[in-house]
Number of protein chains: 2
Amino acid sequence: MTKTRIRTKTTRTRAKALRTRAPSRSAGRNRRSVETTLEELKHRLREIGDLDAAGALLGWDQATYMPPGGAPARARQGAILRRLSHERLVDPALGRLIDELLPHADGLSYDTDDASLIRVARRDFEKAIKVPPDFVARANALRSASFDAWTRARPANDFATMLPFLERNLELSREYADFFRPYDHIADPLIDDADEGMTTASVRTLFAGLRSALVPMVHAISEQAPTDDSCLHGVFAEATQLDFSRTIAERMGYDLQRGRLDTTHHPFCTKFSIGDVRITTRVYESDIGQALFSTLHETGHALYEQGVSAALEGTPLGYGTSAGVHESQSRLWENVVARSRKFWQHFYPLLRKAFPDRFGPVALDTFYRAVNKVERSLIRTEADEVTYNLHIMLRFDLELQMLDGRLPVKDLPEAWREGMRADLGLVPPDDRDGCLQDVHWCSGAIGGAFHSYTIGNVLSAQFYAAAIEAHPEIPGEIEQGRLGTLHGWLSDRIYRHGRKYQPSELVKRATGRLMNTEPYLSYLHTKFGELYRMPPLQAAGVAASPVL
Amino acid sequence: MTKTRIRTKTTRTRAKALRTRAPSRSAGRNRRSVETTLEELKHRLREIGDLDAAGALLGWDQATYMPPGGAPARARQGAILRRLSHERLVDPALGRLIDELLPHADGLSYDTDDASLIRVARRDFEKAIKVPPDFVARANALRSASFDAWTRARPANDFATMLPFLERNLELSREYADFFRPYDHIADPLIDDADEGMTTASVRTLFAGLRSALVPMVHAISEQAPTDDSCLHGVFAEATQLDFSRTIAERMGYDLQRGRLDTTHHPFCTKFSIGDVRITTRVYESDIGQALFSTLHETGHALYEQGVSAALEGTPLGYGTSAGVHESQSRLWENVVARSRKFWQHFYPLLRKAFPDRFGPVALDTFYRAVNKVERSLIRTEADEVTYNLHIMLRFDLELQMLDGRLPVKDLPEAWREGMRADLGLVPPDDRDGCLQDVHWCSGAIGGAFHSYTIGNVLSAQFYAAAIEAHPEIPGEIEQGRLGTLHGWLSDRIYRHGRKYQPSELVKRATGRLMNTEPYLSYLHTKFGELYRMPPLQAAGVAASPVL
């Protein structure tokens with residue numbers, strides 16, 4: 001359930017020297033000269049990409065195989081790679097190259113690789129140079145110290161220790177946002193970093209529609225007898241869990257010649273090149289759901305990254321377009337596909353074969369209900385599809401309040417309890433399972449991190465609905481374990497474009513519509529309406545929620 | 001049996017601009033200013049070290065876990081890290097800092113960390129700037145192409161394809177050597193790169209003494225009935241082999257909190273920091289000797305690197321001092337210790353417990369003889385302790401002849417066959433198991449690579465003899481599985497000093513004597529004289545061979 005570590009190309013810094021005025025020679029340049037300039041731009045961007053990829057490998061290794069003694073030097077090694085990459089990203093010479101190429105880009109079709117490259121490189125550059133280098137250094141240092149404190153404070157349920165860190169993280173987020181004035185809301189630049197083009201207002205609209213539909217659903221389900229998911233708990237050989245998860249990932253289209261699966265504490269997906277997109281998972285011997293669904297979640301991220309056009313490799317276009325669209329793919333494969341009844345009609349016999357003692361006596365329907373159990377709970381990362389978004393909205397509300405000054409950080413624990421009571425009808429017994437549970441705020445980012453999870457949920461259903469509309473045979477194929485048509489549609493409409501299009505453009509191009517919550521609410525209502533007694537869908541909330 | 005990938009700090013390049021004259025302000029500098037200069041020097045050197053370590057991680061990953069699709073981008077990623085490190089290594093500003101610090105170093109005791117750092121950094125810098133950057137780029141490119149060709153040419157037994165590569169590699173080695181004129185022999189600069197202070201002449205003297213003693217030994221042993229080593233072959237569960245090897249490595253003192261063991265094709269040891277020194281091994285289900293002794297060989301390298309003083313971390317002093325001294329540690333632990341009867345008196349019961357079906361019926365003496373079987377063979381990496389050095393000397397002779405023009409590369413296959421016949425009485429049926437068997441010449445280095453293996457053998461016995469002299473209780477402790485006294489002596493006399501002392505200084509300080517072959521020949525004669533009937537040791541050859 002964790003977000004991918006794929007880089008979205010927004011970096012918080014500014015050139016030492018302001019970019020100097022671009023020379024206006026471009027008009028007089030001949031064809032050869034434009035090609036040379038474009039080659040130089042690509043060369044510079046590829047170097048930045050290669051440094052970032054090397055840094056990403058350092059991170060992957062730290063999360064998988066690095067022995068404990070490696071940590072101090074690893075921090076230094078990662079820092080120098082980040083610094084070298086960043087120096088190149090804000091180099092005024094890069095800005096001059098981009099400026100020189102603008103007239104050339106104007107003459108190209110919007111969709112071409114080169115026009116897109118120049119357009120996106122320019123946006124990245126303009127953004128990067130707004131942030132002063134000393135801020136970047138301070139932010140990195142605080143992030144490390146804060147994360148380090150959190151690793152001890154959370155187990156100790158020690159909010160007092162985290163308070164000064166949270167206050168400084170908040171201050172840093174506000175300072176960062178101010179580099180991008182003017183804005184309508186202070187959270188806007190933070191949201192834009194993760195999901196270009198979205199704003200506090202558009203997320204609020206989206207969330208308001210969702211909340212009005214979800215709260216009654218959760219309320220209705222909570223009044224019913226709890227689902228029995230005991231079949232997912234017991235003793236499951238770890239190697240078999242990994243083998244089975246890997247097999248399903250491959251069946252979804254994950255190419256292990258260009259990827260691999262390892263274990264870690266907090267699952268993630270990372271990309272070193274189009275030929276090397278790795279995922280990680282965690283395996284609990286007593287709970288098969290963890291490894292299985294974490295793997296398939298990360299597989300969704302990996303399918304996106306493996307599917308980016310090879311022509312975009314080594315450029316800033318060679319990644320998924322935004323955090324929200326990325327999350328839509330992890331959710332689509334993990335939830336829409338791999339928690340569907342049709343999917344398990346094909347794959348449950350294979351699961352039974354892998355664990356004959358455990359699943360031999362368990363009916364398909366029992367298993368299907370277990371993996372779709374809805375239950376109000378305290379921990380976001382363990383939440384089901386229906387309640388999950390309420391966890392996100394609580395965090396989004398609280399971080400807006402902190403950012404715009406309505407909520408002092410010291411009052412966060414009480415506000416958290418109040419919010420949980422209101423939305424989920426539960427109150428955490430302590431801060432460990434309350435406002436200290438997530439790493440995000442505690443490692444330097446207050447604002448801009450949580451909303452993408454729910455965007456991902458919303459888009460997962462919208463993309464799936466569009467795929468079905470184009471290929472009504474998809475559900476029948478899934479029932480036969482054939483996932484290629486769906487994968488092909490997603491590759492063609494989403495994956496191959498990388499960062500060519502902003503999220504809103506991509507959604508419109510892929511689905512023919514603006515982003516809206518109707519497909520998602522309809523998906524939830526249909527699926528969980530079959531599993532639980534449900535109130536009728538609040539149609540008003542649905543219809544009124546196109547947000548992009 | 002492969003050499004460690006630990007970097008010895010000799011790099012083949014030169015500054016773009018020649019180093020400018022150092023300002024002569026140093027005399028007037030106050031204490032604070034020297035400290036600042038020293039800090040800046042350390043900071044620059046640490047950055048170089050961090051970039052090298054990041055590059056080393058890319059290499060480790062490529063040899064262990066990287067999926068096949070990752071190769072093209074990985075080559076690019078490694079290249080940029082090498083380039084950035086190298087630019088910093090030959091930066092004239094680094095040379096100026098070193099020059100400014102020379103008067104300070106003169107005022108310090110030779111043994112201090114700071115005096116040693118300035119001394120070694122200066123030597124590295126002076127060496128690095130002698131090599132032009134365009135040469136470094138050409139050498140890297142040829143090395144990759146040549147290695148790539150070899151991976152296909154060797155299995156195909158295709159010397160004709162390799163011939164032009166070998167000719168160009170030879171040309172490159174000669175060109176490189178010429179940057180270091182004047183020299184007595186063209187191989188001198190190549191040998192000095194691996195083992196600072198040694199020369200063609202000193203290696204020739206060493207090898208002549210060895211050969212005159214070894215050839216009669218091999219001849220005598222070859223006339224006797226072959227040793228039965230069938231107990232090492234069969235079916236050994238791979239996971240159990242790894243577990244057992246890891247256990248022994250830990251008993252030798254390898255700290256797994258600061259290291260790890262993985263599998264690969266060509267075992268190596270690599271260091272990312274003093275807290276992260278990793279080894280790799282290969283496991284053959286049918287041959288337990290491979291995993292076991294490869295692991296213990298690499299453990300020797302790792303003990304050296306883990307034992308470098310923490311105060312030297314992040315500086316060019318923070319590694320083992322030379323290829324030969326490094327190899328002495330792998331050979332000492334693999335051969336002198338782990339192929340001794342006393343060692344297995346303690347550990348054989350543990351091996352039996354790990355593989356009761358295989359070793360239950362096998363007597364200790366049978367196992368001991370099997371792991372010390374002497375047999376003339378075609379392949380260097382599979383050779384035993386007695387014949388191994390003859391393989392090395394053949395290569396050393398041939399590369400000197402190629403370098404000084406006596407042997408055209410096209411005649412190499414025939415010269416190889418002739419040399420094998422003369423020294424080992426065997427002739428390879430093809431070039432695959434003849435002159436194409438090793439990667440070294442085929443990947444860009446003709447000269448300077450092989451001799452260190454034999455230096456390592458020679459020093460392994462000399463160091464061990466000195467340890468025994470200081471602590472006569474060591475053999476008795478090994479018999480009880482206690483390896484701490486030996487490890488402690490090696491740490492104190494060798495490991496902790498890193499690159500502070502050149503090989504010859506280190507040998508003299510550690511053993512009280514110059515490097516000489518007497519302990520090694522005496523070790524071989526005693527050990528294998530008990531296993532095989534042997535001619536008396538040619539005392540003249542032994543006594544006449546102090547070479548450093």
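This briefing covers the contact between two chains, one helix, one buried threonine and several ring interactions.

The structure is a predicted model, in which local features need pLDDT of at least 70 and side-chain atom pairs count only at pLDDT 80 or more, while totals for chains, interfaces and linings use all residues. Residues are numbered from 1 along each chain as its sequence is written, chains are lettered from A in the order in which they are written, and side-chain values use heavy atoms, with hydrogens and water left out.

**Contact between the chains**

- Chain A and chain B each bring 37 residues to their contact, where contact means heavy atoms within 4.5 Å.
- About 2900 Å² is buried between chain A and chain B, and carbon and sulfur atoms give 58% of that area; buried area is the accessible area (1.4 Å probe) that two parts lose on being put together, summed over both.
- Of the area that chain A buries against chain B, 18% comes from Asp50(A), Tyr65(A) and Arg76(A), more than from any other three residues.

**Helix 10 of chain A**

- Helix 10 of chain A comprises residues 288-306, and its end C-alpha atoms are 26 Å apart, which agrees with the 27 Å expected for 19 residues at 1.5 Å a residue, the expected span being 1.5 Å times one less than the number of residues.
- In helix 10 of chain A, 19 of its 19 residues are buried, that is, under 20% relative accessible area (1.4 Å probe, protein chains only).
- At the N-terminal end of this helix, Asp287(A) acts as a cap, with a side-chain oxygen 3.0 Å from the backbone nitrogen of Gly289(A).

**Thr281(B)**

- Thr281(B) lies in strand 3 of chain B, residues 276-281, and is buried with a relative accessible area of 0%.
- Among the residues that Thr281(B) touches, leaving aside those up to four places away in sequence, are Leu242(B), Leu261(B), Pro267(B) and Ala291(B).

**Aromatic rings and charges**

- Over all chains there are 47 aromatic pairs, a pair being rings of Phe, Tyr or Trp (its six-membered ring) with centres within 6.5 Å, and planes under 30 degrees apart counting as stacked, over 60 as edge-to-face and the rest as tilted.
- The rings of Tyr348(B) and Phe359(B) form an edge-to-face pair, because their planes stand at 70°, with centres 5.9 Å apart.
- Tyr348(B) belongs to helix 12 and Phe359(B) to helix 13 of chain B, so their pair ties together parts 11 residues apart in sequence; both residues are buried.
- Arg380(A) lies over the face of Tyr453(A), 4.8 Å from the ring centre, under a criterion that puts NZ of Lys or CZ of Arg within 6 Å of the ring centre and within 35 degrees of the ring normal.

Methods
Helix = DSSP H or I, 4+ residues; strand = E, 2+ residues; numbered from the N terminus. Buried < 20%, exposed > 50% of the residue type's maximum accessible area, 1.4 Å probe, protein only. Polar contact = N/O pair within 3.5 Å; in protein donor to acceptor, adjacent residues only side chain to side chain.
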